[in-house]
Each structure stands twice: as structure tokens, then as C-alpha cells.
There are 2 protein chains.
Amino acid sequence: MPENRVSTEQLVIEAVAAAKTRESVTDIYFVACGGSYALMLPNQYAVDRLGKGITGHALNAAEFKARSPARLGKSSIVILCSLSGTTPETVEAAKFARAAGALTISLTSGVGSPLDEASEHSVFYKHEPLTFKLDHAGAVLAQLTFGILAQREGSKESLEILAAVSRMPELVDKAVASHSARIREFGEARRRETVVYTMASGSNFGAAYSYSICILQEMQWMHSAAIHAGEYFHGPFEITDSDVPFLVLRSIGTTKEVDDRAITFAKRFSTKVTVLDAEELGLGVIKPEIVEYVEHLMFSAVLRNYAQRLSFTRGHPLTVRRYMWQIEY
Amino acid sequence: MPENRVSTEQLVIEAVAAAKTRESVTDIYFVACGGSYALMLPNQYAVDRLGKGITGHALNAAEFKARSPARLGKSSIVILCSLSGTTPETVEAAKFARAAGALTISLTSGVGSPLDEASEHSVFYKHEPLTFKLDHAGAVLAQLTFGILAQREGSKESLEILAAVSRMPELVDKAVASHSARIREFGEARRRETVVYTMASGSNFGAAYSYSICILQEMQWMHSAAIHAGEYFHGPFEITDSDVPFLVLRSIGTTKEVDDRAITFAKRFSTKVTVLDAEELGLGVIKPEIVEYVEHLMFSAVLRNYAQRLSFTRGHPLTVRRYMWQIEY
């Protein structure tokens, strides 16, 4: 961020203030593509869990514009995200939402980017995926979502959640350090696999989805799918076999039982189940009622370290692409 | 359905009437697991597109209960579905929703099943997936969703959509017959594959998801993931290679451009792209503004015929399971 711009914190405060002063807010649309879309999912989850007068919707940006929700209008807040600020579908979605009268708030690292220009409010974030800081996209989104819920609905949980978010940078660094041996083992054990499934539920599904589509498929050219742990027993579990790898995120929040059931089954029939456990990652220090809202921040950063190591053991750097940056599409 | 029960049509009318007489309806939750959950997605899509005072939410039944949406209550309608009516998570979800004061409407073939017993209203449907009839789950869900939108919001499109649904049995049978050569070719061409991706967007995503998790993973033990056509360019497309198979659903409705972009790219780099095109399947006879709401009914039935043939060429009947019906889990 250039020195002459106001801080990320100040930009969040301004965006939340704008949301506060809207005459009415009935819907928050979380709109983005790929990894940025994945970041939206735990926020949509949070609005479902906590929002009484406000509903949350998470949509891929192209889908959002095509779907053109009937409720989109002056009572809508549309939160968008694109690292570069140049993702065409997201820029189009911002223009579309703004023309419909919605309050548009965009997250991007691209100061002066098309997304920044198209949106009423922009908040600039830093992208350092191996760790977690309070000016990263995940934190900024939490500040917006819970800030809006606190301001408009007096949600007390939201203030507690934001306090928990502020503890995450320290907890994430500790967890990454404490898991270094496991991260190395995973890289060794999975380097010849052609398929790795991820699995999660609740507010962690987005982190699993992101790992499947952005890391395994995009950056490693490995087959993958993010399986919802509750859906696992209604189809996907039949693919389980002794040599089929699963990477499962275990919540200690409200969806713990959903995850545990899936983990127990997967471990019974596959010898290749890796569990990232929120408890083992040190999240037991967060209040049980609150932890579900911050777990994904932990998982995302720890998973990126798993990805980094896997890319080394596979000799396939995370920066390699065959289509993106290489051709027009 | 036993002879002494009232007709499916009559049960739908009663359920819609109950929805009409509720003091207020702000939210419809579509709650189920696996293939039944997949059927909910186009209905959630329709509420997003058309619902002005009503929002739509589609959730896996275990996720629904764990998530426990803040808005769930007397102004909610919860529509559930389970073929047997014994899916424990869905039964639990019905009890949970009813206790919260929501109007519960369940679809099942299980007269007297736990889901039937747990729900305020039940509508019984027939399961004949190779074809489409007006007493199948997809039709009953449409009658509920669009019936409620018509009754509560005076949605004129909803009445037109229901008229289009009633044309689908004839159109589906014609399409299946006209595609018999393609269905046979697909079975031959894909019988040795270990992975097949599906792709779709808009109201057809559920049909692709169902094919991935219920047919390929569950009934064929083949690796698969349903890729949203809009998300494809933001991660998954890097997995595309000359020998990676894709089965893509092409809408001629509002998400046509999203699908076409993905199809063009996939065909450029893979020699194994199968497109099920709503136009080629005879849906050009439906009004362009309406067709998006009925396409999934066509795709689901045609896809099941693709599955049936694939199971033959692979010598792996669709009824084979290694865990479901075999062990306790």
C-alpha cells in the first residue's frame, strides 16, 4: 500500500460506517472467484449463524451477475474480493451491483485497479499466505462481516469474534512451527499421488475448497474435490479405499461431530487420512462458542504451508501455470 | 403409494396452501443429503432469481442442524427430501426445524417413514430416474417452490414455469431417444477412465453435482468433482489436459455464456469433452426466459441414461455398494 493511502484499518472503519448509515440492510452478497470466493464462504456461514435481519449469500462473480438476485438493490451490501483487482467477472459484478443501488465494498491489493475504481469503498490488503496478519484478506473480511453485524444488529458475539481474530496471528505462527514435522511428512507421503480429496464442514468448507481448486488442481495439477463432511456419507464415501488420500479439517466448533463422523469412517478404510485438528493447532484457547469463526483463518495458513512443502517434494513450484499468465482465454 | 392415500397432486396443493396461510414467510430452507440435496439447488437458485420478500437457502441436513440459522423460526418454510424417509440427518433436521416453529414439508417415497412422521406435511413421490414424470421429486419440488412463490408473491413467471414443467415428461423421453447413439458412445469412450469431471453453472449445477457424487463416486467408484463453470477459470482449469474427461451441461438460459466460455476452453485442451446441450436436447421449444428453470429436469434424466450405459460398459452395476447397505457407519 502506498504511504499516502490511509491504513487498512481506517478503510474498514469507513466501509462499516457506510453500511451502518444505510437506511436498511437486508442482504449481504459475498461475490468473488476462486480462492477469493472461498474466503467468502465462512463469512456467509457467519451471517447464516448470527444474522437476524440480514441474510448472507456467497456467489461466484459470473454466477452472481447471471443470477441477478431479485432482492439485489438499495438494501443490499455487496462485498467483493480480487487480489489484483483485475478479475473481469468481479469487476463486472461490482459495476452491476452498484448500478442496482447496492453498497459495494471491495477487497483488493490493487490500488487504482478496475475493481477499486468500480467500487464505492475499497479496502487494501496484503497477501502473505504462509502466515496470517490483521491486514490480510481473511482478517479484513471478518472485520467487515462482524463489524456490520455488530453495528446493525448489536451482535455481541461479533465483538468477541473480532477479539479472537486479533489473537490469530500469534496462534497461527505457533501452529505452523509446531506442525513442521507433519508438514514435511505429508510432502513425502503424498508426492506421488495423482488424486487427493479434501474434506470439511461448517465455516471450514471454504478452506478445503480453496486447497482443492487453487492448490491441488491449479498449482499442482493433481485431481481433487472438496467433499462436505456431511455429504460424504451420501455418495462420496464409496470412493474411499485403502490408497485414496484425504486431507480433513477437524473443527472443535459446532460442526465437530459432522467432521468426527467423516474422519472415523475415512480412517477405517483408507490408510492415507491426514487430519488437521483445530485442537492440535492450538485453538483450544479460544472460547468454544467463538472458535468456529476463526478456525478457517488457521487452516488456510497451515494448509498453505502443507502446499509449499508438497510443491517442493513434487518438484512442481506453486507458481507454475500452463494456462493462467500464459495464454489468452 | 398405497391406494388409500390422497394423490401427490393433492398433497402438494395442501402443502402450498399451508405455506400461503402462514402469517409471514421470509425464508425457505431446502434441506437434504446427497442426491436429494442436489435436487434442492435449482430450487434455491429459483428463489434467488425470483423471490423478493423470500430468501432461499440450500443446506446439507447435518450442516443445517449444526449451523442452526439465526433466522430459522415461524417465518421459515423448511422443505426436506429423502427417498426412503429414513436418512437420519434429514429426520433430525425436520424435528429441529419443526421445534423452531418452521413449517416443515417433506418429500419422500416412504409413507409412514420417520421423515413422514416428523414433518407437518409430506408429499410422496416416485423414483424412476431414467425418465421424468410429474410425480417425481424434481417435479414435486418445482410445484412447491413455484407454487409458494406464486401464492405468496404473485410471481407470474412461476405459473409459466409450472406450465413448462408439465411439458417435460414428453420432452425428456424424446431427448433420451434422440441421444441413444451418444449415450452408447460415451459408455464406450469413458469405460477405462479413472476420473471424470462434471461442469455446469446456474440452476444446472445441482445436476452436475449429483452426477459426480452419486453416479461417478458412489455408484462407479470413479474419481470426480463437480466444477462450477464460472469457477473453472480460477483454479480448476489448470487440471485440463488432452486426456482429462469433462462432462459439461450447456444451458440456453441466463448462464449460457458462463457455460460456453468453459466449454470453449475445455475443448481447446482436452480431447475428451462431452457436452449435454439443452438446445440439442430439444429445450429450444421452451420460452427463453423460462427454460433455465426446467433444464435441470432434462439433464438429470438424460445423465442417468448416460450413467446406466457407462455402468454396463464398465461391468459395474449402479446398484453395487461396498459400504452403503453393507456395514454400519
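## A tour from Trp221(A) outward

Begin by selecting Trp221(A), which sits in the loop that runs between helix 9 and strand 7 (226-228) of chain A. The model on screen is a predicted one, and this tour moves from that loop to the helix before it, then to the segment after helix 11, then to chain A as a whole, and lastly to a residue of chain B.

With Trp221(A) still selected, look at its backbone: phi is near 55°, a positive value in a residue that is not glycine. Most residues other than glycine have a negative phi. As for its surroundings, Trp221(A) has a relative accessibility of 28% and so counts as partly exposed, since partly exposed covers the range between under 20% for buried and over 50% for exposed.

Step back along the chain to helix 9, residues 205-220 of chain A, and place the view on Tyr211(A), where this helix bends by about 25°. If you then colour the helix by accessibility, 14 of the 16 residues of helix 9 of chain A come out as buried, which means that the helix is largely enclosed by the rest of the structure. Trp221(A), with its positive phi, follows just after helix 9 of chain A.

Next select Arg314(A), which belongs to the segment after helix 11 of chain A. Which residues does Arg314(A) touch, once those up to four places away in sequence are left out? They are Arg191(A), Glu193(A), Gln220(A) and Met222(A). A distance label between C-alpha atoms is also worth drawing here, because Arg314(A) and Arg190(A) are 124 residues apart in sequence, with 8.7 Å between their C-alpha atoms in space. Arg314(A) itself counts as partly exposed, at a relative accessibility of 25%.

Stay in the segment after helix 11 (295-313) of chain A and move on to Trp325(A), which also lies there. Is Trp325(A) buried or exposed? Its relative accessibility is 58%, and Trp325(A) therefore counts as exposed. Its phi is near 70°, which is again a positive value in a residue other than glycine.

Now zoom out until chain A fills the window, with its 11 helices and nine strands. Along its principal axes, the C-alpha trace of chain A spans about 55 × 45 × 40 Å. A compact globule of 329 residues would have a radius of gyration near 20 Å, and the 19 Å of chain A agrees with this. Of these 329 residues, 64% count as buried. Where contacts in chain A join residues at least 6 apart in sequence, 75% of them link residues at least 24 apart.

Switch to a surface view of chain A, whose accessible surface comes to about 11900 Å², with 51% of that area belonging to carbon and sulfur atoms. Colouring by charge brings up 34 positive and 37 negative charges in chain A, and their mean positions lie 2 Å apart.

For the last stop, turn to chain B and select Leu39(B), which lies in helix 2 (residues 34-50) of that chain. Leu39(B) is partly exposed, with a relative accessible area of 23%. Leaving aside residues up to four places away in sequence, Leu39(B) touches Ala137(B), Gly138(B) and Leu141(B). To close, draw a distance from Leu39(B) to Val78(B), 39 residues apart along the chain, and the C-alpha atoms turn out to be separated by 14 Å.

Definitions and conventions
Residues numbered from 1 in each chain as written. Chains lettered and ligands numbered in written order. Predicted model: local features only at pLDDT ≥ 70, side-chain atom pairs only at ≥ 80, totals over all residues. Heavy atoms only, no water. Helix = DSSP H or I, 4+ residues; strand = E, 2+ residues; numbered from the N terminus. Rg over C-alpha atoms; globule rule 2.2 N^0.38 Å. Buried < 20%, exposed > 50% of the residue type's maximum accessible area, 1.4 Å probe, protein only. Contact = heavy atoms within 4.5 Å. Areas by Shrake-Rupley, 256 points an atom, 1.4 Å probe, with all protein chains shown as cover. Lys, Arg positive; Asp, Glu negative; His and termini not counted. Charge placed at Lys NZ, Arg CZ, Asp CG, Glu CD. Bend = angle between axes of the 7 residues up to and from the residue.
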